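The following exercises concern the surroundings of a bound ligand, and each task is followed by a solution that goes step by step.

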Amino acid sequence: MTTTPHPLVTRARQLADDLLAPHAETVDQSEVPTGHIAAIKRSGLLGIGAPEAYGGSAAPASVARETAEILSGACCSTWFVQTQHHTPVATLVKGAPPARERLLGPMARGELLSGVAYAHLRAYPRTPVRVVRERGGWRFDGTVPWYTGWGLNDVMLLAGVTDTGEALFAFTEAREQPGLRASPPMRLAALTAARTVSLELDGLWLPEEAVALRAPYERWAAEDRPKTVTASPAVFGVTEAALGLLDDDTAGPLRTRLAEVRHRAYTLADEAAPHEHLDERLALRLRSYEVMRAATTAALVSGGGRSMALNSKAQRLAREAMFLLLQGQTAESRRAHLSALARIPD
Ligand SMILES: Cc1cc2nc3c(=O)[nH]c(=O)nc-3n(C[C@H](O)[C@H](O)[C@H](O)COP(=O)(O)OP(=O)(O)OC[C@H]3O[C@@H](n4cnc5c(N)ncnc54)[C@H](O)[C@@H]3O)c2cc1C
């Protein structure tokens, strides 16, 4: 039986085939073009999880995962810039009404693209970004180590920890302003194209209406944890793309492993409550890395010396895979990953 794909899956596929994949090697060596961002904004994909009442599609998680696989497999840098947007959208949906009413509509309709600066919260009790009350609003000080999409996105959701131990998320424009300075875009082993910077915050002041979410750190961390132990659809997307470079004899067994890990990870995501089976989710995340490493390594080997050319798809996918191993890494997932790597038999 065949089912008609969700319209956003069809649109993601068209974008991938017509625009992202044909230019992926050039983009990898430069930066995500504004034309790619404009196409993403027009596509409806930025509102994939947003409520219909605000102009979004409220699509099921399975559709969001499938589009993420398609985009990441076509051009990981473009996928990474646009994927930042979905955390701010989800934060607005359950967050404070003033920020929601001002921003959720334009973000759901793709008029505004948001980045997010929050992974540093996971370093708690270290607080790279501190927030204190000042003049009826909030003052931010410290360093955001990673912020992707600088110069490409319109707004950013910035997180810090208050002196009373709350996680606080507030929106501001994604540009230099008093109290906010960006480094030059980083040159990285992969995804340089996604324009990642670090941000120096030195008395950045944001009004109360900018705040989207304020919650005791422990409550926020408990909700965040499932995200960092769950397998990423982008890992499956990059794996699929690498399998496309292999002959059937090599790809076949890897495809079977991919299907099995993906099925188990997505079944858990759909059928268990978010805080359940965290160990099993993490084990599947690590297995997804193993399949990705095998597939991207096989693609390199299969291409021979030509794989080393900077315009070879195999080396790009291998470097993107290297990045995905670290994306969203926490102390817990690093420990588990290192111990899994140390156990691999000869
Ligand atoms: C190219 C790129 C772009 C990114 N873009 C964004 C973005 O736009 N927005 C965003 O929010 N994040 C972004 N990130 C952050 C990304 O998700 C983090 O890489 C990931 O969360 C791991 O963080 P880390 O490298 O800072 O910490 P890691 O060094 O991987 O450490 C993980 C955690 O363990 C703790 N830790 C560090 N060292 C030790 C140690 N020796 N022993 C025990 N614990 C330790 C840290 O406090 C940290 O919380 C980006 C990262 C990269 C590489």
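**Exercise 1.** Identify which element gives the most to the shell around the ligand, and then place the ligand relative to the domains.

*Solution.* The largest contribution to the shell comes from β3, with three residues; strands are DSSP runs of E with at least two residues, and helices are runs of H or I with at least four, numbered from the N terminus. The model is predicted, so local features need pLDDT of at least 70 and side-chain atom pairs count only at pLDDT 80 or more, while totals for chains, interfaces and linings use all residues. Residues are numbered from 1 along each chain as its sequence is written, and side-chain values use heavy atoms, with hydrogens and water left out. In the next step, 21 residues surround the ligand (a heavy atom within 4 Å of it), and the closest are V116, Y118, A119, T148 and Q329. Because domain 2 (114-216) and domain 3 (230-343) both give residues to this shell, the ligand lies between them, the bounds being taken from an automatic or database domain assignment.

**Exercise 2.** Which protein atoms lie 2.8 Å, 3.0 Å and 3.5 Å from ligand atoms?

*Solution.* Starting with the side chain of Q329, one of its N or O atoms is 2.8 Å from a ligand oxygen. For R334, a polar side-chain atom lies 3.0 Å from a nitrogen atom of the ligand. At A123 a backbone N or O atom is involved, 3.5 Å from an oxygen atom of the ligand.

Note on methods: A polar contact is a pair of N or O atoms within 3.5 Å; within protein, one must be able to donate a hydrogen and the other to accept it, and residues adjacent in sequence count only if both atoms are side-chain atoms.
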